[in-house]
Amino acid sequence: MLQLISDHRTQPRPRYDTSRLLRAASGSFSSDRQCLERARGWIRARLNRTPHASALDGILVALNEAATNAIEHSTSGKPGGSFTITLTWDDATLRVSVSDQGGSTFPTSSSATDDEPEGDPIDDLVEHGRGLAIIEAMSSRWGWQSTAFGTETWFELDLPVAERLAAKSTTPHRLQAVGV
């Protein structure tokens with residue numbers, strides 16, 4: 001059982017409607033050169049025939065950012081490291097969680113700081129610092145929590161938002177910008 005140490009959210013989590021069927025899947029991925037490709041394939045295989053399939057491109061973009069952060073900013077990216085993806089969904093809401101093995105930093109967005117709540121605009125020429133802003137743009141809610149084993153970054157999509165993102169995420173310049 002994971003011990004919740006702290007929880008940081010951008011918006012409160014909705015309660016799942018227990019009258020609907022809740023589905024879940026979890027997979028672990030070693031941090032090697034092909035791990036992001038394998039993780040995207042794993043997600044595709046699980047969500048391809050769900051109501052959330054219409055937003056699959058956006059989901060994959062957000063997943064790619066969360067998994068990249070796990071590799072870049074935690075011990076999950078070191079030799080022998082790994083990260084875990086957990087999907088939980090019903091007909092209305094999808095939650096994607098990426099759990100890493102922890103590190104010396106916690107997720108922070110370049111678009112907001114404690115000193116300036118509105119945040120500084122992200123410099124177009126900087127190669128890093130957009131991951132959480134992309135996750136926020138592609139989801140209904142997102143957040144992170146520190147556990148006894150590392151950090152879990154999660155995002156959720158509500159179906160109406162998912163349908164809206166399907167049209168946005170297929171725009172070629174959006175996909176090319178994040179390398180999908």
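**Reading the core and the ring cluster**

Me: Which residues of α2 are buried?

Reply: In this predicted model, the buried residues of α2 are L56, G58, I59, L60, V61, A62, L63, N64, E65, A66, A67 and A70. That makes twelve of the 17 residues of α2, so this helix is largely enclosed by the rest of the structure.

Me: How should I read the spacing of residues along a helix in general, and how many ångströms apart are the end C-alpha atoms of α2?

Reply: An α-helix has 3.6 residues a turn, so residues three or four places apart point the same way. For α2, the 17 residues should span 24 Å at 1.5 Å a residue, and the end C-alpha atoms are 24 Å apart, which agrees.

Me: Which residues touch the most other members of the largest nonpolar core, and which helix gives that core its largest share?

Reply: This core has 32 residues, and the ones that touch the most other members are I43, F83 and I85. At least two core residues come from each of β2 (23-30), α1 (35-47), α2 (56-72), β3 (82-89), β4 (93-99), α3 (131-138), β5 (141-147) and β6 (151-158). The largest share, nine residues, is supplied by α2.

Me: With which strands does β4 pair, and in what sense?

Reply: A useful habit is to take one strand and look at its partners in turn. On one hand, β4 pairs with β3 in the antiparallel sense over six bridges, a hairpin of three residues joining the two strands, and I85 stands opposite V98 in β4. On the other hand, β4 pairs with β6, again in the antiparallel sense, over seven bridges, and the bridge partner of R95 in β6 is E156. As for burial, β4 is mostly covered, since six of its seven residues are buried.

Me: How many aromatic pairs does a search of the whole structure find, and which rings do they link into a cluster?

Reply: To read an aromatic pair, take the distance between the ring centres together with the angle between the planes, where over 60 degrees counts as edge-to-face and under 30 degrees as stacked. The search finds two pairs. F29 and W42 form the edge-to-face one, at 5.8 Å centre to centre with 80 degrees between the planes; this pair links distant parts of the chain, F29 being in strand β2 and W42 in helix α1, 13 residues apart. F29 and F83 form a stacked pair, at 5.7 Å centre to centre with 25 degrees between the planes. Because F29 lies in strand β2 and F83 in strand β3, the stacked pair ties together parts that are 54 residues apart in sequence. Ring pairs thus join F29, W42 and F83 into a cluster.

Me: Are F29 and F83 buried or exposed?

Reply: The cut-off to apply is that buried means under 20% relative accessible area. F29, with a relative accessible area of 6%, is therefore buried, and F83, at 0% relative accessibility, also counts as buried. W42 is buried as well.

Me: Where is S74 found, and which residues does S74 touch?

Reply: S74 is found in the loop between α2 and β3, and at 10% relative accessibility this serine counts as buried. Leaving out residues up to four places away in sequence, S74 touches N69, D100, Q101, G102 and G103. A polar atom of the side chain of S74 also lies 3.0 Å from the backbone nitrogen of S76.

Conventions. Residues numbered from 1 in each chain as written. Predicted model: local features only at pLDDT ≥ 70, side-chain atom pairs only at ≥ 80, totals over all residues. Heavy atoms only, no water. Core = buried A, V, L, I, M, F, W, Y, C linked by side-chain atoms within 4.5 Å. Buried < 20%, exposed > 50% of the residue type's maximum accessible area, 1.4 Å probe, protein only. Helix = DSSP H or I, 4+ residues; strand = E, 2+ residues; numbered from the N terminus. Pairing = 2+ DSSP bridges. Phe/Tyr/Trp six-rings, centres within 6.5 Å; stacked < 30°, edge-to-face > 60°. Polar contact = N/O pair within 3.5 Å; in protein donor to acceptor, adjacent residues only side chain to side chain. Contact = heavy atoms within 4.5 Å. Expected span 1.5 Å × (residues − 1).
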